[in-house]
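Please work through the following exercises with the model open beside you, and try each task before reading its solution.

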Amino acid sequence: GLPLPLSPLALLAVNLLTDGPPALALAANPPDPLAMDAPPRARDSGFIDGPLALRACAVGAYVGLATAGAYAWWFLSAPAGPHVSLWQLTHWTECIPDGDARTFVGVDCTAFDRPEPRGVALAVLVVTEMVNAFNGVSATASIATLPPWTNPWLVGACAAGVAQLLGILYSGPIAALVDVAPPLPEEWVAILALAAPVVAIDETFKAFERSRLHDRAAAAGNASQSPPAPGSQARF
């Protein structure tokens with residue numbers, strides 16, 4: 001397997017940055033423009049239905065894969081990385097002085113414990129979560145229809161979270177405590193590129209949800225306009 005991408009303190013930092021102010025700021029979202037187009041929910045319907053659960057799983061899976069992928073990318077292809085093979089990365093525990101030196105020719109075994117890839121992984125995780133927070137402005141409306149700045153509190157909370165992330169990465173003592181190192185400029189390009197697709201993923205599910213709401217509203221409207229069945233009129 002891979003070396004540990006994030007230290008426990010880094011995971012704590014992620015929770016503080018992404019689960020605090022941005023989550024609270026989502027409570028200040030403007031009204032959803034499609035809220036009144038949806039028919040009433042059934043009394044026995046769950047709080048989280050199948051499509052919403054699938055959406056959350058898809059976004060969460062992408063965030064996890066992007067974080068692990070960025071961590072592995074630093075070892076395999078990053079300009080400042082050691083450029084090891086995938087086999088060497090997944091068998092890094094065998095890179096020891098008493099191991100088979102033929103499989104790790106020219107590889108510095110200390111590279112597998114460097115803080116630089118952890119800094120990249122931390123940045124990808126936090127930035128992707130901040131971008132995904134903008135998706136939460138509406139559960140159905142496109143981000144182009146209801147952009148993030150319609151909730152200034154959310155924009156401010158995400159900006160503060162990114163500022164704290166930069167403070168962790170570029171403050172020497174704190175970075176050493178969290179066991180990360182600041183990414184290089186070209187690594188930031190990769191970080192932003194990995195964070196962007198979370199918008200496309202959520203937009204796909206939003207489009208499906210808008211179509212589903214439209215079909216439900218149309219079905220409810222047809223049912224309300226259909227004439228009553230014979231014999232169903234009340235008799236006096």
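**Exercise 1. Aromatic pairs**

Find how many aromatic pairs the model holds, where rings of Phe, Tyr and Trp (its six-membered ring) pair if their centres lie within 6.5 Å, and planes under 30 degrees apart count as stacked, over 60 as edge-to-face and the rest as tilted.

Solution. By this rule the count comes to 5 aromatic pairs. The first step in describing any of them is to recall that a pair of aromatic rings is described by the distance of the centres and the angle of the planes. For Trp-74 and Phe-75 the ring centres are 5.3 Å apart and the planes stand at 90°, so this pair is edge-to-face. The next step is burial, where buried means under 20% relative accessible area, exposed over 50%, and partly exposed in between (1.4 Å probe, protein chains only). Trp-74 has 0% relative accessibility and is therefore buried, and Phe-75, at 0%, is likewise counted as buried.

Turn next to Trp-87 and Phe-104, an aromatic pair that is tilted, with 6.0 Å from centre to centre and 45° between the planes. This pair links distant parts of the chain, since Trp-87 is in helix α4 whereas Phe-104 is in the loop between α4 and α5, 17 residues apart. Trp-87 is partly exposed, because its relative accessibility is 38%, while Phe-104 is buried, because its relative accessible area is 8%. As a last step, Tyr-71, Trp-74, Phe-75, Trp-87, Phe-104 and Phe-112 can be gathered into one aromatic cluster.

The model is a predicted one, in which local features need pLDDT of at least 70 and side-chain atom pairs count only at pLDDT 80 or more, whereas totals for chains, interfaces and linings use all residues. Residues are numbered from 1 along each chain as its sequence is written, and side-chain values use heavy atoms, with hydrogens and water left out.

**Exercise 2. Cysteines**

Decide which cysteines are joined by a disulfide, meaning a pair of cysteine sulfur atoms within 2.5 Å.

Solution. The count comes to 1 disulfide, and it joins Cys-95 to Cys-109 with 2.0 Å from S to S. Both cysteines are in the loop between α4 (86–90) and α5 (116–135), 14 residues apart. The torsion about their S-S bond is about -80°, so the disulfide is left-handed. Cys-95 is buried, because its relative accessible area is 8%, but Cys-109, at 31%, is partly exposed. Two further cysteines can be classified in the same way: Cys-57 is exposed, with 52% relative accessibility, and Cys-158 is buried, with a relative accessible area of 4%.

**Exercise 3. The chain as a whole**

Describe the secondary structure of the protein chain, and then how much of the chain is buried.

Solution. The chain has 9 helices and 0 strands, where helices (H or I, at least four residues) and strands (E, at least two) are DSSP runs, numbered from the N terminus. Buried residues make up 35% of its 236 residues. If contact means heavy atoms within 4.5 Å, then, among contacts with a separation of 6 or more, residues 24 or more positions apart account for 75%.

**Exercise 4. An exposed leucine**

Locate Leu-16 and decide whether this residue is buried or exposed.

Solution. Leu-16 is found in helix α1. With a relative accessible area of 58%, Leu-16 is therefore exposed.
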